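Got the viewer open? Let's walk through this one selection at a time.

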Amino acid sequence: MLLTTLMLIPLVGAIVVFLIPAAKAALAKQIALGFALVTLVVSVLMVLGLDNSSGGLQLVESYDWIPAFGISWTLGVNGISASLIVMSAILVPVAIIAGWWDAENSSQGSVKGYFALILALEVFIIGVFAANDLFLFYVFFEAMLFPIYFLIGRFGGPQRAYAAMKFLIYSLVGGLFMLASLIGLYVVAGRELGAGTFDFETLTTLNMDPNTQKLLYLGFFFAFAVKAPMVPFHTWLPDAAAEATPGTSTLLVGVLDKVGTFAMLHFLLPIFPEASKFYAPAIIVLAVISIFYGALLAIGQTDIMRLIAFTSISHFGFIVMGIFVMTSQGLSGSSFYMVNHGFSTGALFLAMGYLVSRRGSKRIADFGGVQKVAPILTGVVLISGLSGLALPGMSTFISEFLVLTGTYAVNPAAAIVATFGIVLAAVYILWLYQRTMTGVPSQEVEETVTEISKRELIAVVPLLAIMIALGFVPQVALNYINPAVEQVQTYVGFTDPEAVAVPEGSGS
Amino acid sequence: MIAALIGLPLLGSSVLLLGGRRTNAWGHFLAVAMSAASFFVGLGLFIQMLGKSEEEREIGQHLFDWIAVGAFQVPFGLHLDQLSIAFVLLITGVGTLIHIYSIGYMEHDPNRRRFFGYLNLFVATMLLLVLADNYFLLYVGWEGVGLASYLLISFYQQKPSAAVAGKKAFIVNRVGDVGLSLAIILMFVTFGTVTFDGVNAAAGLANSSTITWIGLALLLAACGKSAQFPLQSWLLDAMEGPTPVSALIHAATMVTAGVYLIVRAHAIFDLSQTARTAVVAVGAITLLLGAFIGTAKDDIKKGLAGSTMSQIGYMILAAGLGPVGYVFAIFHLLTHGMFKAGLFLGAGSVMHGMHDDVNMRHYGALRTMMKVTYATFGLGFLAIIGVPPFAGFWSKDEIIHAAFGQSMFIGLATLLGAGVTAFYMTRMMAMTFFGEARWEDDVHPHESPAVMTIPMMVLAFGSVFGGMAMLFLGDIEHWLEPVTGFAQPDHSVSNAVLIPVTLAVVLIGAGYAWLRYGRRPVPVVAPTNVSLLTKAARADAFGDAINEAVFMRPGQYLTRSLTWFDSKAIDGSIGGLAAAIGGLSARTRRLQNGYVRSYALTMLGGAVLIALVLLLVRL
Amino acid sequence: MNPNNYLVLAAVLFTIGAYGVLVRRNAIIVFMSVEIMLNAANLAFVAAARNTGTLDGLIAAFFVMVVAAAEVVVGLAIIVTIFRTRRSASIDEASLMKY
């Protein structure tokens with residue numbers, strides 16, 4: 001019941017906020033924030049109640065939904081999905097606080113609509129991470145699109161209609177392929193088990209013919225690769241992220257995109273172990289391409305928000321690479337990376353969003369010298385940026401390094417090439433910092449850019465604190481992630497390669 | 001106790017950076033206090049260590065289990081041994097002096113609090129670097145000092161050149177970090193551990209090519225951090241930072257981290273002749289390149305920066321000699337830390353008196369105006385060119401001696417380096433303190449306040465006695481031996497021959513410089529009709545030009561073409577697909593022409609078609 | 001009598017009706033042509049029912065008649081309304097509902 005309750009809280013919140021009479025519309029924000037914070041508290045309690053020695057699904061609840069087709073309302077979490085749920089539950093209130101006035105400043109759409117949509121989005125986010133019935137997952141996977149579609153399309157920048165439509169069509173097309181594979185999987189399960197099912201744990205027990213696996217795999221992978229997004233299915237992301245409000249971008253890139261990589265790890269590997277191994281080398285190549293492509297394009301951008309979106313494409317390359325090398329370092333690193341990336345990109349979007357909303361322009365060339373007029377804001381941008389380039393001491397470094405280490409054991413060439421990506425990361429972040437923050441401020445910057453406000457600081461400081469804290473005590477998250485990763489490795493049937501030169505009698 | 005070494009300056013830095021303007025009034029005192037406290041803790045640990053027998057001197061402090069993922073187990077552990085303590089005392093000692101000096105130097109800077117916050121951050125991360133008990137934690141310190149260096153180089157953020165220099169330093173260092181990352185990954189994959197103890201114990205079991213690759217990756221890391229060829233170009237630009245920063249970070253401590261890394265990883269280098277040869281080659285090239293650049297610089301700080309490169313080249317070269325050289329690399333590192341910090345502080349003091357002008361062609365005859373600076377700088381000068389019995393003589397002589405033991409060729413390189421060092425340092429002395437005054441208008445040179453001169457005097461004292469103290473009182477060879485191992489160098493060329501020869505070379509270099517710059521007047525504007533060699537030295541041996549041609553321009557071209565490709569080809573093809581579908585719809589829409597008869601005809605046609613199909617299928 | 005003859009007659013009537021629908025402009029004539037086609041179908045149904053001796057075809061014919069009656073009511077009402085507003089019963093002029 002706990003997970004359903006966790007989904008009900010923001011759902012009730014969304015309805016309440018939406019039904020607030022126009023006369024009291026000013027309360028919408030406080031109410032929305034209240035519900036988001038309650039969700040956060042409950043989700044943290046949920047995690048604390050988990051048994052972190054077990055890698056299986058916990059808090060499982062299952063009710064028949066459409067028994068004729070073997071569809072059920074099955075929720076359950078393991079360490080990976082639980083950490084992602086907490087990460088999302090942290091980012092939602094942060095996005096609400098950071099976007100306190102975004103709805104008023106947008107041309108269309110009502111204030112309460114904005115906050116109701118954010119809470120509705122949170123419902124589906126929790127659902128998509130907790131669903132363990134593939135059909136239910138599919139429903140949430142698609143349902144998530146609509147709050148985001150309206151958040152971009154009604155509250156975004158000048159090109160919002162284009163960006164929202166592009167996002168929607170990309171995602172729907174991806175989802176369509178997934179639906180086709182899903183039906184195929186149902187049929188295959190029906191042939192083997194006598195009755196079709198969408199239940200995740202049952203599906204992992206199937207002994208599918210490798211060729212069938214390979215075919216069905218492509219549909220799922222395409223959907224997740226669009227979502228993640230991987231090159232060359234990425235072009236929706238920069239447009240969407242650039243047009244959305246910073247709060248929406250945070251949720252879009254920080255949380256929604258994780259669904260793609262999460263599903264690769266949580267569903268694809270256990271259900272299709274043979275196909276995963278078959279496609280892994282090709283996917284790793286694609287991931288390495290994503291790392292460099294995203295980084296190089298980030299360097300080439302002239303728009304701040306697009307730049308951040310491209311850095312995420314590069315980061316998703318690391319995440320996907322870690323998943324498909326299947327070593328425990330790779331998988332744990334990728335899972336941890338997903339959590340960290342949510343915070344790090346979120347902080348970067350928010351901090352840069354503060355800047356953009358002051359100056360009224362997203363062009364990098366319109367900035368410069370901000371350090372003179374807003375030193376604290378500059379500091380916030382710097383720390384967010386440093387986490388974006390995976391500075392040792394920040395949590396992002398640990399996850400990135402784990403991914404690289406895990407990759408080397410399986411695919412040294414990919415690891416060596418990907419390691420050079422860290423140089424490009426320094427280039428895109430520091431060059432952005434140099435162009436926007438240093439130098440002598442222009443007159444426009446002096447006039448428009450003011451110091452960060454208390455509300456804005458409250459939104460972003462928790463993210464920075466979490467990233468630094470997790471850099472030094474990553475086990476807080478890794479203790480939950482590791483058992484789940486071992487479980488995935490068991491499903492796939494993969495064991496870590498051993499170190500080659502170990503002195504006699506040194507334990508392992 | 002070991003954690004306190006790092007914790008104190010970290011606390012100071014947190015208070016200063018998070019405390020905001022409230023701490024403006026007393027922030028710099030807090031920073032000095034924290035740095036000094038750390039020094040005294042270090043001193044206490046050192047005295048404690050002296051009291052112990054050789055085997056018990058190494059102590060560790062396991063703070064907590066940092067990362068545990070599968071076999072990847074990394075403790076958050078500190079480790080203090082004879083090598084670390086030498087660094088601790090250098091970092092906190094010189095660091096504290098420079099903190100004190102900065103109180104005066106940065107007095108009028110509105111961002112002085114931030115400056116001290118960064119300085120404390122640097123001290124903390126540098127201590128973490130040398131106290132970590134595994135390579136992964138070392139990496140955190142390694143990058144932490146890089147961050148502090150970045151922040152301090154671009155401290156004058158409103159200056160575009162400073163911002164660019166900081167970024168350049170960070171990015172070039174990142175190239176080195178690729179090496180460190182790969183080395184750590186290789187260690188984990190090979191040995192299953194990344195702790196110093198674990199790697200040292202297992203090094204002999206790995207195959208030799210793996211060991212060589214680890215060594216080369218570590219060398220790449222060292223090249224980045226220590227500004228060695230081919231990653232040397234950032235150090236000269238790093239002089240954009242305030243002068244105390246140049247003294248502490250870009251002369252005495254951070255840039256020597258590469259030497260520390262190689263010495264710390266001696267178990268790897270002991271086993272690979274190839275890796276050691278590469279280290280020696282890099283050191284030899286850099287020591288000559290740095291000295292060569294130093295000969296033509298008119299900017300006093302850049303001259304010293306070239307000298308730093310060159311001196312670190314000596315250390316790297318010594319480290320590459322293996323067990324015969326490790327201790328001398330560290331010995332030279334320590335003496336260099338003292339005299340070079342003193343020289344930089346002297347340069348800062350001169351700049352302080354000359355309205356922040358760094359061009360030596362605008363100096364001259366300052367020995368009467370700045371007596372203390374002249375004296376301390378002069379002692380540092382004698383130390384760096386290796387005049388006995390000053391500090392540099394002892395350490396450099398040992399390196400030259402060991403180098404001749406290795407090969408005549410390397411020995412000659414070090415000898416030549418010593419001569420060039422004498423040349424550019426004498427040139428610097430002559431242009432700054434001797435000759436006629438070439439001051440700009442309304443510049444009134446004056447001696448710096450005591451808060452600045454006292455640290456200079458302390459460092460000058462070190463430059464005079466530091467070498468002898470460490471060699472004769474401290475017996476540094478045997479002090480470090482338990483950590484690094486030590487072998488007597490091959491004395492194919494005996495000291496009785498070598499010392500006079502070295503001194504003669506130094507004398508020739510110094511004499512030639514004196515003839516050119518001391519006896520003859522120095523033009524205020526740098527002459528342009530100079531030899532190609534001078535031009536090359538002025539252009540940092542074309543380091544930047546090469547970087548620009550090989551990496552930056554192709555990189556920019558690649559970025560631009562990829563951006564074009566992304567918007568035109570990838571997004572364009574998808575947009576094209578959408579447009580094609582839209583266009584097709586626009587055509588087929590025309591069929592809805594509003595005439596009932598045409599719809600009826602379509603229906604009839606459809607019905608006939610279906611009838612035909614049915615008929616055909618039945619047949 | 002040979003049932004084929006009924007079917008041929010039905011086909012001829014259907015073709016005449018279809019031709020009328022396709023080529024005539026006057027809505028009333030088109031409407032009549034549609035009725036001819038319906039009756040052609042009815043004839044075929046009835047003939048088939050007679051031939052097989054079952055009631056299925058007759059039931060279908062009754063359905064068609066009922067539908068045709070309802071259609072006449074609605075259709076004529078529409079045509080009258082169009083004629084009143086446009087003073088014309090030409091179906092080509094009533095072509096506003098297009099792309």
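Start with residues 29-47 of chain C: in this predicted model the stretch is 100% helix and 0% strand, with its end C-alpha atoms 27 Å apart. Now select residues 59-83 of chain C, again 100% helix and 0% strand, where the end C-alpha atoms sit 36 Å apart. Both stretches carry the label "transmembrane region" in an unreviewed UniProt entry, which also lists residues 6-22 of chain C.

Next, bring up chain B alongside chain C. Twelve residues of chain B are in contact with twelve residues of chain C. Together the two chains bury about 1,100 Å², and 63% of that is on carbon and sulfur atoms. Which residues form the salt bridge here? Select B:Arg597 and C:Asp92, whose closest N and O atoms are 2.3 Å apart. One salt bridge is found across this interface, along with one residue pair in polar contact, both residues at pLDDT 80 or more. Now colour helix H24 of chain B, residues 596-618: it provides six residues, the largest share of the chain B side that touches chain C. By class, that side has six nonpolar, three polar and three charged residues.

Swing over to chain A. Its contact with chain B takes 60 residues from chain A and 51 residues from chain B. About 4,800 Å² is buried between these chains, 74% of it on carbon and sulfur atoms. For the one salt bridge found across this interface, select A:Lys166 and B:Asp571, whose side chains meet at 2.8 Å, N to O. There are also 15 residue pairs in polar contact, both residues at pLDDT 80 or more.

Which elements of chain B should you highlight on this side? Those giving two or more residues include strand S1 (59-69), strand S2 (72-80), helix H5 (135-153) and helix H23 (543-589) of chain B. H6(B) gives the most to the side that touches chain A, with 18 residues. Sorted by class, the chain B side has 36 nonpolar, eight polar and seven charged residues.

Last stop: B:Leu231, in the loop between helix H8 (208-225) and helix H9 (233-237) of chain B. Is this residue buried or exposed? B:Leu231 counts as buried because its relative accessible area is 11%, under the 20% cut-off. Show what surrounds B:Leu231: leaving aside neighbours within four places in sequence, its contacts are B:Val172, B:Val175, B:Gly176, B:Leu220, B:Cys223 and B:Gly224. To finish, draw a C-alpha to C-alpha distance from B:Leu231 to B:Asp442: they are 40 Å apart in space and 211 residues apart in sequence.

Terms used. Residues numbered from 1 in each chain as written. Chains lettered and ligands numbered in written order. Predicted model: local features only at pLDDT ≥ 70, side-chain atom pairs only at ≥ 80, totals over all residues. Heavy atoms only, no water. Contact = heavy atoms within 4.5 Å. Buried area = accessible area lost by both parts, 1.4 Å probe. Salt bridge = Lys/Arg side-chain N within 4 Å of Asp/Glu carboxyl O. Polar contact = N/O pair within 3.5 Å; in protein donor to acceptor, adjacent residues only side chain to side chain. Helix = DSSP H or I, 4+ residues; strand = E, 2+ residues; numbered from the N terminus. Nonpolar A, V, L, I, M, F, W, Y, C, P; charged D, E, K, R; others polar. UniProt positions renumbered as here; feature names shortened; annotations may be inferred. Buried < 20%, exposed > 50% of the residue type's maximum accessible area, 1.4 Å probe, protein only.
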